[in-house]
Amino acid sequence: SYIRSSLDLNTASIIATSLVQSKLDYCNSLYLNLPEYHLQKLQVIQNNMARAVTSKRKFDHITPSLKSLHWLKIKQRIKFKIASLTYSAIQFGQPVYLRNLITLQSTRPTRSGSLITLFQPSCPGSKFTDRSFHFKAPAIWNKLPAHLRQPASTSSPNSNYGLLALPRHQFLAQLKTHLFKDSYPP
């Protein structure tokens, strides 16, 4: 906050993202299904960072600042990470240890059945198990909009790689847009 007055908004945002946001995002997929009070602590850090970047006072409403910076809230950042890891596992088969944890459902000849959908295993009810990638990735993936889960028209039905129509950069951009709308509903 001491040097903030000498920085423009873009520079302050870059510094905040590289120093703080990167720490919030590091292994954030492990935060999946943490109790709300733990996630709220992380959200407070992000809110304070947005206040510093946008020069808002302590009691100013922070949502407009987060929205103007185009930052996803913590819960959506976690979903973004899980969905992007799932995309890589489906599209490229990488990382192998995650690809082995998900199972593609067979496609049906119906319009909705042609989407890339993951088998949702039944959860035994353990708090640790229901937070695992094996259980949560299919739940998050299957709730994504249809345009993000479209199969590639030229992919072979026997191929495990290159199944999705969208290339990675388009998928991530459209995923962020979808989750941004979830973070800041109209």
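The legends below describe several close-up views of one predicted model.

Residues are numbered from 1 along each chain as its sequence is written. Because the model is predicted, local features need pLDDT of at least 70 and side-chain atom pairs count only at pLDDT 80 or more, while totals for chains, interfaces and linings use all residues; side-chain values use heavy atoms, with hydrogens and water left out.

**View 1. The whole chain has seven helices and zero strands.** Helices (H or I, at least four residues) and strands (E, at least two) are DSSP runs, numbered from the N terminus. Read from the N terminus on, the elements run α-α-α-α-α-α-α. Of the 186 residues, 36% count as buried; buried means under 20% relative accessible area, exposed means over 50%, and partly exposed lies in between (1.4 Å probe, protein chains only). The chain exposes about 11200 Å², and carbon and sulfur atoms supply 59% of this area. Accessible areas come from the Shrake-Rupley method with a 1.4 Å probe, and for residues only the protein chains shown count as cover. Among contacts (heavy atoms within 4.5 Å) between residues at least 6 apart in sequence, 62% join residues at least 24 apart.

**View 2. A salt bridge joins the side chains of Asp25 and Arg77.** A salt bridge is a side-chain nitrogen of Lys or Arg within 4 Å of a carboxyl oxygen of Asp or Glu; by this rule the count comes to three. In this pair the N to O distance is 2.6 Å. Asp25 lies in helix H1 (residues 9–25) and Arg77 in helix H4 (residues 74–92), so the bridge ties together parts that are 52 residues apart in sequence. Asp25 counts as partly exposed because its relative accessibility is 21%, whereas Arg77, at 15%, counts as buried.

**View 3. The side chains of Glu36 and Lys75 meet in a salt bridge.** The N to O distance here is 2.8 Å. This pair links distant parts of the chain, with Glu36 in helix H2 (residues 36–54) and Lys75 in helix H4, 39 residues apart. Glu36 is partly exposed at 44% relative accessibility, and Lys75 is partly exposed at 38%.

**View 4. Arg57 forms a salt bridge with Asp60.** The closest N and O atoms are 3.2 Å apart. Arg57 counts as exposed, with 61% relative accessibility, while Asp60 is partly exposed, with a relative accessible area of 21%.

**View 5. Helix H2 packs its buried residues against H1, helix H3 (63–69) and H4.** Among these buried residues are Leu39, Leu42, Gln46, Met49 and Val53. An α-helix has 3.6 residues a turn, so residues three or four places apart point the same way. The expected span of a helix is 1.5 Å times one less than its number of residues. For the 19 residues of H2 this gives 27 Å, and the end C-alpha atoms are 26 Å apart, which agrees.

**View 6. Two loop residues have a positive phi, and one peptide bond is cis.** Most residues other than glycine have a negative phi, and most peptide bonds are trans. Ser55 follows H2 and is in the loop between H2 and H3; its phi is near 60 degrees. Ser55 is exposed, with a relative accessible area of 52%. Asn33 is found in the loop between H1 and H2, and its phi is near 65 degrees. Asn33 counts as partly exposed at 39% relative accessibility. The cis peptide bond joins Gln94 and Pro95, with omega about -10 degrees; Pro95 is in the loop between H4 and H5.

**View 7. The largest nonpolar core has 39 residues.** A nonpolar core is a set of buried Ala, Val, Leu, Ile, Met, Phe, Trp, Tyr and Cys residues joined through side-chain atoms within 4.5 Å. Trp71, Ile90, Ile102, Trp141, Leu144, Phe171 and Leu175 touch the most other members. The elements giving two or more residues to this core are H1, H2, H3, H4, helix H6 (133–142) and helix H7 (168–183). H4 gives the largest share, seven residues.

**View 8. Ala165 is found in the loop between H6 and H7.** Ala165 is partly exposed, with a relative accessible area of 43%. Leaving aside neighbours within four places in sequence, Ala165 is in contact with Gln150, Pro151 and Ala152. The C-alpha atoms of Ala165 and Arg149 are separated by 7.8 Å, and these two residues are 16 residues apart along the chain.
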